[in-house]
Each structure stands twice: as structure tokens, then as C-alpha cells.
Amino acid sequence: MLKNHLAIAWRNLTKYKFYSTINIAGLAFGLAAFLFILLYVNDELSYDQYHPFADQTYRVDGNGKIGDQVIQTGHSGAPVGPTMKIDFPEVETYCRLRGRGNYLVKYENRHYKEEALVFADSTFFQVFGIKMVEGDPERALTQPNTLVLTKEMAEKYFGMDEPLGKSLLLDNEEEYKVTGVIEKMPTNTHFNFDFLMSMSTLEESRRPEWGSMNFGTYIVLQKGVDVSAFEEKMSQHLIANYFAPEVEKYIGMSWSDFTKGGNRFDYSLFPMVDIHLYSDRDDELTANSDIKYVWIFSIIGLFILLIACINFMNLSTARSAIRAKEIGVRKVIGALRQDLVGQFLGESMVVSFLALALAWGIVYFTLPYFNDLSDKTFLTYQITSPGFLLIMLALATTTGLLAGSYPALFLSRFQPSKVLKGFYKIDGSKPHFRNGLVVFQFLITVFLICGTLIVYQQMHFIQNKKLGYEREHLLMLGDAYALGDNINAFKERMLALPEVGSATVSGFLPVPSSNNNSSYFMGREPDMNKAILINSWRVDHDYVKTMGMEIVQGRDFLKEMLTDSMAVLINERLASYYDGDPIGQELSNLGEAAEDISIYKIIGVVKDFNFESLRQNIEPLAFFIGSSSGYITMRLQTDNIPSFINTLQSSWNEMAPGQPFSYSFMDDRFDKMYRTEQRMGNIIGTFAFLAILIACIGLVGLSTFTAQQRTKEIGVRKVLGASTSSLVKLLSKDFLKLVLIALVFAVPLSWWTMNIWLQGFVFRIDVEWWVFAMAGSISVLVAFLTVSFQSVKAALANPVESLRSE
């Protein structure tokens, strides 16, 4: 029986090659899209699952409120981890991570700028389970000035030599002894470092400072611990016994009075396996993704597959008249309905598995493109693994059953007494269901087009928004501290060049933000009712001018004003906290001792500028004159950039011999802040194109079949004088009506969904009516061109040929 069903299925496929090709191609594109999204979603959901204690590991987060400012940080103070290990038997172990930015790493004549470095406790390998290739994981990071590096970095610096025992020079100052080599960390982790430096090197890691939250603290809980109950107990204990006493000593106010003023602070636990998709706090180790994108892409993949299945259903039911007599004959000679259902499902399974083979080929050959699109590194072995192949087989089987179920049930119910007498007519079946499926296809297509347009519109808004500073023509020379005492001489040499309009030395840049939050007080006295969290940036006298910022009140820093060493520039957001004119008022900051107070006089107000992502509000910011030599930023006034870069590098090599030369442009750094959104827009746009393609493939099949069914009607109309345009209109209008109905449902759905997405941006566009008009126009135009091609072909046919048999 199975052999017979397969033989009939193959015979029908080869007999109707055009419709078979349409069915297979549509399903293949749908399956390929679904497989790509399956790869992406599976990778996103796999983050941090490889750790041995993944389900028992939590990050200790800080939550609070000072005045009207909310604190949500993924960091905690240095003593939190060690104290929890001592005070709570539920805690098996802990590990702290402390990032410190970029380092210049040197070994003999090899020197590079490295970014993936972190200080880590010696318990790192116990908590995270990273396997060591060389060295002892129990002792590797126990001593100060020791480090562990990846195998890739070991080969980069030491070649084929044994790395253990050798030393690397960091930032031309400190030597670190290599005590271990590890494999490269998996890509599906919320942190990824090439160098692990011993935490004991940092003097700050031993300070009992609970309020200085600079450490990512991870704890491993014993199995069976009630996390919610433990979290509450932990927070109360740490606040009451450690955090509150420190605050009281620091500000001279009881914790009770502190909280009565509306201020608060507590600790919470965040599951490590959820960090990548659910955490969006300050001080994340790396930029995380978002679970909403996983849902969006999952739904898109499912809908595209449904569109492909709908094509199969529509074409199968539309062509039912062709097979009506075959079904009637089979029933007369004894075929049961379940036999016919099995036959038609078998045919759909054959189509599904042929489409699967084509889909796998599409995935295999376009995988590099998808890697670029999604910013992932999927390898071909992942799509040839037994697990993936089993998933593909299950998907093909499910798709075959889903796509073939309705046609099988629909066709198998024909009554032989009617179809053999010619009473069955396809028009009499009132194909509302089939029309509904076409509407659903284009509803999803229009939705994806709208989503793509709105994402690109928001990205265009971000790229062109006035940020409060001029990011164009700003070149940033990195690692300026490598110049040492020559840094100011280098700056002056650059200013002497006609290509440079102005220059500034500072490690604080508006993209991405150099987050340096500290507590300050408005006025001279440390009054918590006047406390405020401020981003404090150390800059030189030329910073505001070089960045193209605007002074709206007061003045800029002046070199001839020696008192400006205790002066401060604030942004409009911070100025709004002061009563009246802020110029001349004061801003104070406590040192390590409560009596150690620094008082700054406000001399100017800078117009608000976006130094964080446009997803966030502009926060209070203050500029102080000080040393911060991370970058020399230059405003260029030349179009001959390559020539200037050569001049710049020559001067660098002369004044910082043997040091890596690196530069970037401010607008490029700005673009990197929105890679996630840009990537989402590109992915949605690609799959919107696929959805249109698949829907059009279905329309080609349906319109071709409709034209064939109405061949004689078209011939009669032409004989009676109907024009080609009227015939095209006749054949196209029914399909266009369905597209217009889809628009009615797609527009409000798109508006509602994309407005939810836009809520993630503080600075965002308003969704305009023309977006939906454009999406609708694209859909109608594509549908019309698809259908009219077949309509014109039918309208131009010779009526003699179609009426010859009459």
C-alpha cells in the first residue's frame, strides 16, 4: 500500500511539474527560514548552560533609590562575595569579576592592544567550570600579578614556546606571570575574556567598602535552597550588618532617617542562565540580548512556515476538480476514505521531504550570509549533526502532515455519485477557507513589511538626531597614556597641523558612555536630602570646544583661571535640581573620611547631550578639570583622511616608539551602540522579503490555475469584444480584494506591536500613517504584478484555441 501511495505521489508530481515546482519551492523557502531561526533561537537560549553549576549560580545585584534616581546595577561591593561565603552556609563558593577596560600587552617585540581582560578570583574555575589546558586551576590565580590566558592568546604572544612561567608587561607598568592556559571560552556566554588576571593584584578588592560597587559577584548556592527566601534573608542581613553602618558613618545620618527620606537600597539575586536574555542593568560585563527578540524571531519563523503550508493547502484544494474523477473511481472500486486520506498525506509528505532536501541546501550554502546577518558564528557541522538532522526530519514530517491534512480531508469527502456524473464544480464549494488563508498570508507579509520600515525609520532617526554634540569629523586616538610625559607635547603638535581644528585629552567620551557614577551633594554640607548620583568626567580645558557642545549659561573652563581646578561644569539635567540660577552655587563630594569634603563652584551649564543610549534618559553629568588620558580626540577639518592618518601615525611612532597605534571615529563608535536594533531590522527585512516571495509563489500558482479554469469564459468574453485590460481586471480583482482585507487587519496589529517595541527608546519616532500606506502599496503592487502576469497571458491567448472543443 505504501509503495502504491508513493508511486502515485511521484506520478502526480511529474505529471504536473509546474504546480509541483511551486509547492516544493514555497515549502523549501519556508523550511529554510524556519531552520535559520531555529539555529538563532537555540543559540540564544543556550547561553551559560555549559557551566557545571549553571542552575545554582546567581549574580548579586544592587537595587536602590537616592532622591528621584533609581539604581539598578549588576555590580556589588568588594566585600559582598567573601562575606556571604562566611555568613551563609547556603553559599558553596563565590567568584568576583572586575573589568578595567583596555590594556597594552607586551612580550619582547610583540605588543598589542587587548580588550578582553578581567580580574577574577582564584575560584573562577570552580564556579564557571572553564577547562584549563595547562596549569593548576586550584592555584593559577592565587598569587598577585599572575594571569591565565586562552590558548589562542598564548600562541599569539609566545608562538610554539611554553607559556607557563613567562611574563607579560601590561600598560608598560606591571608584569604578570602566566600560570595557566585555557581553551577559548564558548561564544554562548554572557562574558567572554581572553585574559584572567588575579583578583589579589587589586588593592581595592581587599577594601571593606560596601558602597563602592565595582565588582560582578557570583555565588553558587547549595542544591535545594529556597532562592526567594534566601534572597530576602541575605539582603536584610547584609544591609543591617554591613551596608547601613557604612552609610551612617559616611553621611552622619541614621539608616532609619535615610530611608524615611524616600531613599532605599537592597540586594537581589539574578540567575546566571537568565542574564543574557533578561538582564539590562548598569555595569553589565557585555551587552546582552533581549528575550523579546527571541519571541519575535520565533513567531516570524513559525508564520513564514505557515505561509508556505498555506500555499500547499490552497493549491491542493483549488485543483480539486482535476482529481475529482480519480477520487470517484477509487471510491467505486472500494477505496475507503482513510485510504484516500493516507494517499494524499503521503503525497504531501513526499513534497515536504523533497522541500526539506532543498531547504537544507539553501541553509548550507547561505550560512555565511546568515552569520553576517545575525552576528553569530554558526558552523556547517552544526547543521550536519545527528541532533539537527533529527529535528529536520521531525520538522518535515510535521510540515507534511500540517500542509496535507486539510487537502486530504477535503478531497477524500467527495461523493462518487456526483463527481462521476460531472456535478462537482469547484466554484460551488464556496472557497471561503481558501480565501481566508490567502488573507492570513498577506496579513503576516504586511506586518513584516511594516515592522521593517519602522525599525529602519527609528534607526534613521537615531543616526540623524541632534545629540547635543557634533560627532562628525571627530577622530579618537586610543591608549593616549602610552605617550607618557609626551602626551601634551603630542597634542600641541597635532594642533599645529592645519588638518586639526581642536583637540582634547580625556578618557571620557559620549559614546559609549564612560560610566562613573558617584554621590554628590548640592551645596557644602553632606545632606542626604540633597544627594544626587552624578556621572563625573575628568576633562581638559578644550573638551567642550572639541566636542562641539554648547554652553547655555556661564562660561567654559579657562586655562588662565587657576581657580577652575575647583570649578565644575554641569549639564542642564543637573542644573534642574538647583533652585534658581545654578551659576555660583556649589557641588560637594565626600572623600574616604566623612570630614574630607571637596567643594566645587559651578561656573557653567552645558546643553544636555546624549551620552548614553537613546533608550535612556539624559542623567546628571558634571565636568571637572583633571587627568584622564585614555584618548586624544581631534576635530578634523580635512577630507584627506588617509594622508592625515599617515602623519598621525608617524608622530605616534616617534613619540611613543614600540606602542600599538589605534584610532577610531566617533560616529563609528556611535553606530556600534545600536547594532542589536540594526541587526534586528536586517533580519526582519530579510524574512519579510522571504514572506513576500513565498506568498507570491502561492499567488502564481492560484492565479495560473484560476486562469486555466476560466479559459473558455475568457475566450467567450474576447469574442464578444472584451478588452485585454478588462480581462486583466476581471482576473485580478478577487485576489486584490483579499490583499486589501489583509491590510485592514495587519495595520492595527503592526501599529500596536511596533509601538510596544518603540517604548524601549526614550527618544523615539512617532509611527506615521505613511508607513502603513507604503507597506500596503508594496503588498498590493507585488500581488498585482504577480497575478496580472498570468492574467495578461490568459487575456492575450487566442480565443479560437480555448473554444475549439465547444
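# A guided tour: helices, a sheet and three residues

Start with two helices: H3 passes H6 in a right-handed crossing. The model on your screen is predicted.

**Stop 1: H3 and H6**

Select residues 80-87 for helix H3 and residues 227-251 for helix H6. Their axes come within 12 Å and cross at roughly 110°. Angles from 65 to 115 degrees count as roughly perpendicular, so that is the word for H3 and H6.

Now show the side chains at the contact. On H3, pick Val80, Thr83, Met84 and Asp87. On H6, pick Phe230, Met234, His237, Leu238 and Tyr242. Colour them by class. The contact of H3 with H6 has six nonpolar residues, two polar ones and one charged one.

**Stop 2: Thr93**

Go next to strand S4, residues 91-98, and select Thr93 there. Is Thr93 buried or exposed? Its relative accessibility is 7%, so Thr93 counts as buried. Which residues does Thr93 touch, leaving aside those up to four places away in sequence? The list is Lys85, Thr123, Gln126, Val127, Tyr218, Ile219 and Val220.

**Stop 3: Glu108**

Move on to the loop between strand S5 (103-107) and strand S6 (110-114), and click Glu108. Check its backbone. Most residues other than glycine have a negative phi. Glu108 is not a glycine, yet it has a positive phi of about 55°. Glu108 counts as exposed because its relative accessibility is 57%.

**Stop 4: the four-stranded sheet**

Find the open sheet built from four strands in the order S16-S24-S15-S25. The pairing is antiparallel. Strands of a sheet pair through backbone hydrogen bonds. Where are the edges of this sheet? Select strand S16 (500-505) and strand S25 (663-665), which each pair on one side only. Look along the sheet. Neighbouring strands are turned by 20° against each other on average, direction ignored.

Zoom in on strand S15 (residues 474-478) and strand S24 (residues 631-636). How many bridges join S15 to S24? There are five, and the two strands run antiparallel. For one facing pair, select Leu475, which stands opposite Met634 in S24.

**Stop 5: helices on the sheet**

Add helix H15, residues 487-495, to the view. H15 packs on the sheet and touches S15, S16 and S24. The direction of H15 makes about 165° with that of S16.

Then add helix H18, residues 641-655. H18 lies across S15, S16, S24 and S25. H18 runs at about 25° to S15.

**Stop 6: H15 against H18**

Keep both helices on screen. The axes of H15 and H18 come within 11 Å and cross at roughly 155°. Angles over 145 degrees count as roughly antiparallel, and H15 and H18 are therefore roughly antiparallel to each other. Their crossing is right-handed.

Show the contact. H15 brings Ala489, Phe490, Arg493 and Met494. H18 brings Phe644, Leu648, Ser651, Trp652, Glu654 and Met655. By class, this contact of H15 with H18 has seven nonpolar residues, one polar and two charged.

**Stop 7: Asp479**

Finish in the loop between S15 and H15, where Asp479 lies. Asp479 is not a glycine, but it has a positive phi of about 55°. Is Asp479 buried or exposed? Asp479 counts as buried because its relative accessibility is 4%. Flip back to Glu108 for the contrast: Glu108 counts as exposed.

Terms used: Residues numbered from 1 in each chain as written. Predicted model: local features only at pLDDT ≥ 70, side-chain atom pairs only at ≥ 80, totals over all residues. Heavy atoms only, no water. Axes fitted to C-alpha atoms, helices over the stretch in contact; angles between N-to-C directions. Parallel < 35°, antiparallel > 145°, perpendicular 65-115°, else oblique. Left-handed = near helix turned anticlockwise from the far one by under 90°. Contact = heavy atoms within 4.5 Å. Nonpolar A, V, L, I, M, F, W, Y, C, P; charged D, E, K, R; others polar. Pairing = 2+ DSSP bridges. Buried < 20%, exposed > 50% of the residue type's maximum accessible area, 1.4 Å probe, protein only.
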